[in-house]
Amino acid sequence: PSPLGRRVIGIAASTLSDSNSDALTMASDERPSLSKIWLLAIRPQTLPASVTPVIVGCALAHADGARNHGEAFLFWLFALAIQIGTNLHNDYADFVRGADTKERLGSARATQ
């Protein structure tokens, strides 16, 4: 990507990781707020993985002469929605199967 593209990707990734750090480092006996529960559930640290292919595709389309920014924005929104929906479903499915117990390693899940 161009220097501007690298900067935008870097800013987005650092913003997402900074916004999620409070939710992940709370004491285990403290009940998080509803907004922090939703933040945990959507797992913002995974969102750059969904947006990166859209950025690459848009860059390739732009290099080929395409200039439809509205469609690019919609693809970006759909990629985020799919990633968030997948994260929510994964948390729910793990909860139903009993995989999210106190013995589970890793960051806390919204259903724990």
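This section describes the helices of the chain, their packing and a few individual residues. The model is a predicted one.

The chain contains four helices and zero strands. Read along the sequence, the pattern is α-α-α-α. The chain has 112 residues, and buried residues make up 18% of them. Among contacts with a separation of 6 or more, 57% join residues 24 or more positions apart.

Helix α2 spans residues 34–42. Ile37, Leu40 and Ala41 are buried in this helix. These three residues cover an arc of only 100° around the axis, which puts them on the same side of α2. The spacing fits helix geometry in general: an α-helix has 3.6 residues a turn, so residues three or four places apart point the same way.

Arg43 follows α2. This residue lies in the loop between α2 and α3. Its phi is positive, at about 50°, although Arg43 is not a glycine. Arg43 is also buried, with a relative accessible area of 8%. That value falls under the 20% cut-off, so the residue is classed as buried.

Helix α2 also packs against α4. The axes of α2 and α4 come within 8 Å and cross at roughly 100°. The two helices are therefore roughly perpendicular. On the α2 side, the contact involves Trp38, Ala41 and Ile42. On the α4 side, Ile84, Asn87, Leu88 and Asp91 take part. By class, this contact has five nonpolar residues, one polar and one charged. Ala41 thus has two roles in the description: it is one of the buried residues of α2, and it meets α4.

The contact of α3 with α4 has another geometry. Helix α3 covers residues 47–63, and helix α4 covers residues 69–97. Their axes come within 9 Å and cross at roughly 155°. An angle over 145 degrees counts as roughly antiparallel, and α3 and α4 are therefore roughly antiparallel to each other. The crossing is right-handed. From α3, the contact draws on Leu47, Ser50, Val51, Val54 and Cys58. From α4, it draws on Ala72, Phe75, Trp76, Ala79, Leu80, Gln83 and Ile84. Ten of these residues are nonpolar and two are polar, with no charged residue in the contact. Ile84 of α4 appears here and also in the contact with α2.

Two residues of α3 give a local view of this packing. Val54 is found in helix α3. Its relative accessibility is 16%, so Val54 counts as buried. Leaving aside residues up to four places away in sequence, Val54 touches Ala72, Phe75, Trp76 and Ala79. These four are also among the α4 residues in the contact with α3. Val54 and Phe73 are 19 residues apart in sequence, and their C-alpha atoms are 9.2 Å apart in space.

Ala61 is found in α3 as well. With 30% relative accessibility, Ala61 counts as partly exposed. Ala61 and Ala72 are eleven residues apart along the chain, with their C-alpha atoms separated by 9.6 Å. Ala72 is also one of the α4 residues in the contact with α3, and Val54 touches it.

Key. Residues numbered from 1 in each chain as written. Predicted model: local features only at pLDDT ≥ 70, side-chain atom pairs only at ≥ 80, totals over all residues. Heavy atoms only, no water. Buried < 20%, exposed > 50% of the residue type's maximum accessible area, 1.4 Å probe, protein only. Arc of directions from axis to C-beta. Axes fitted to C-alpha atoms, helices over the stretch in contact; angles between N-to-C directions. Parallel < 35°, antiparallel > 145°, perpendicular 65-115°, else oblique. Left-handed = near helix turned anticlockwise from the far one by under 90°. Contact = heavy atoms within 4.5 Å. Nonpolar A, V, L, I, M, F, W, Y, C, P; charged D, E, K, R; others polar.
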